[in-house]
Every structure is written in structure tokens, then in C-alpha cells.
Amino acid sequence: MRYTGPKVRLSRRAGIPLTRKAVRYFEQRPYPPGEHGRKTNRRQTGDYGLRLMEKQKLRWYYDVSERQMRRYWDMALRSSGRSGAELVVLLETRLASLVLRSGLAPSIYAARQYIAHGHITVDGRKVDIPSYLVRPGQVVAVREKSRRMQPFVAASEGTYADDRIAPYLDVDHADLRFTLFSRPLREQVAVPVDEQLVVEFYSR
């Protein structure tokens, strides 16, 4: 089941800001949530706890359920590359992830909502599945009739864009579209997670 509670709370549990909005809140309260949050020492967490938390951080960062995570892990195991790197690349090429990474949405949660509500097309066809895996060469865009909505007007002005565009994306903010022109490499994906610990968690 996907987490639907307060998003900043997740960042405080993970020990890192998982969204742009969480950065400011996390700086004010960089300790776990709850009554005993200030007294919690993350360094005392055991090996299992460390691996579990790293897996949870990856799940929360991409907003996927445990069932989805297991499915991506199975796909990563069947690939010819390193399992951990393949897992991250699969998560990164989800439609919701790329809509966020391209600067068309302010958060992964907004990206998921835009897709589910039918505002996004892939190669000119409406796709309302956030987990859709985008292939190199495919063009993702905002539907013509959705472009006057305030969030997309802001996106066209580059409001949600990162300082540096991901090297595997060709983005045209003014036209509200982007192309995935190559499969991401693990070192190109800015995810604050040690995927080797995730591999060890699932391989135990």
C-alpha cells in the first residue's frame, strides 16, 4: 500500500528531504517525527534496520507501493546489469518520475495526479498510468486542452525545473513536452539512496 499521510513526516523518518517542499521543514526539524523524535539516534540502528530504511527511502522517493517495488526488483534481477542500478533506472523511467524530473510537476505526488487525471500524453496518446515505463525516443507532453491550467502555466515558465536538466531528457518547458532520448545511467540519477543496501535487503 502506498503512503498517503503527511509527506514531510516521511522525510523526517527517512532522515533526508524527499521533496522540494520538505527541504525547508526538514531544516527546522531534522529529527524523526513523534514524541521521542529528538531522542532517537539513527546511528544505533542495526544492519537490518539500515537496509530496511534504505529500501523505504527508495519507495517513498518514487511513491511506489511495496508490491510495485517487489515487481521492479524481480525485473531488475532478470536484467543483465547490476540489480541495484537496474532497480533505480526502472523506477526513474516510470512516467510519473520523468514528469517530475522534467519540471512539469512540483512533486512526485502532483505528477501522479496529473497523469491519473488524463493531462499527459505519450507519443500523442493519453496515458493515465503513472507506472507506465517510458522508452527512449518517446515524447511526453501535456494535453492541449490542459495547457491553460495554472500548474501547467507555471511549468511552462520553468517554475518547477531543477537547476540542471537530467542529461537523458530533452525538455522544452515552453511547449510543455520532453523526450527521453536515452536510458538513464545510474550515475546520472540524483537519488539519495545507497541501492546496494536495498539489494542486500531483498537478497537476505
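Where does Leu 176 lie? I began my entries with this residue and found that Leu 176 lies in the loop between E4 and E5. I note at the outset that I am working from a predicted model.

**Entry: the chain as a whole**

I looked up the secondary structure, which comes to nine helices and five strands, and then read the pattern along the sequence as α-α-α-α-α-α-α-β-β-β-α-β-β-α. The chain has 204 residues, and 49% of them count as buried. For the accessible surface I have a total of about 11,100 Å², with 48% of that area belonging to carbon and sulfur atoms. I also checked the contacts with a separation of 6 or more, and 58% of these are accounted for by residues 24 or more positions apart.

**Entry: the sheet**

I followed the strands across the sheet, which is open, has five strands in the order E2-E1-E3-E5-E4, and pairs them in the antiparallel sense. Strand E2 (125–126) and strand E4 (169–172) stand at the edges, and because each has a single partner strand, one side of each is left without a neighbour in the sheet. As a reminder to myself, the strands of a sheet pair through backbone hydrogen bonds, either parallel or antiparallel.

I then took the pairings of strand E5, residues 177–180, one at a time. E5 pairs with E4 over four antiparallel bridges, whereas three bridges join E5 to strand E3 (residues 139–142), again with the two strands running antiparallel. Which residue in E5 is the bridge partner of Asp 170? I found Thr 179 in that place, and on the E3 pairing I found Val 139 standing opposite Thr 179 as well. Asp 172, for its part, stands opposite Arg 177 in E5.

**Entry: the hairpin and its turn**

E4 and E5 form a hairpin with four residues between them, and in the turn Leu 176 has a positive phi of about 50°. I marked this value since Leu 176 is a residue other than glycine, and most residues other than glycine have a negative phi. Is Leu 176 buried or exposed? Its relative accessibility is 3%, so Leu 176 counts as buried, the cut-off for that class being under 20%.

**Entry: a second positive phi**

I also looked up Asp 123, which is not a glycine and yet has a positive phi of about 55°. Asp 123 is placed in the loop between E1 and E2, and with a relative accessible area of 46% it is partly exposed. I set this beside Leu 176, which is buried in its own loop between E4 and E5.

**Entry: Val 122**

I turned next to Val 122, whose place is in strand E1, residues 120–122. With a relative accessible area of 4%, Val 122 is buried. What is Val 122 in contact with, once its neighbours within four places in sequence are left aside? I listed Leu 95, Val 127, Tyr 132, Gln 138, Val 139 and Val 140. Val 139, one of these, is the residue I had already noted opposite Thr 179 in E5. For Leu 95 I looked up the separation too: Val 122 and Leu 95 are 27 residues apart in sequence, and their C-alpha atoms are 9.0 Å apart in space.

Key. Residues numbered from 1 in each chain as written. Predicted model: local features only at pLDDT ≥ 70, side-chain atom pairs only at ≥ 80, totals over all residues. Heavy atoms only, no water. Pairing = 2+ DSSP bridges. Buried < 20%, exposed > 50% of the residue type's maximum accessible area, 1.4 Å probe, protein only. Contact = heavy atoms within 4.5 Å. Areas by Shrake-Rupley, 256 points an atom, 1.4 Å probe, with all protein chains shown as cover.
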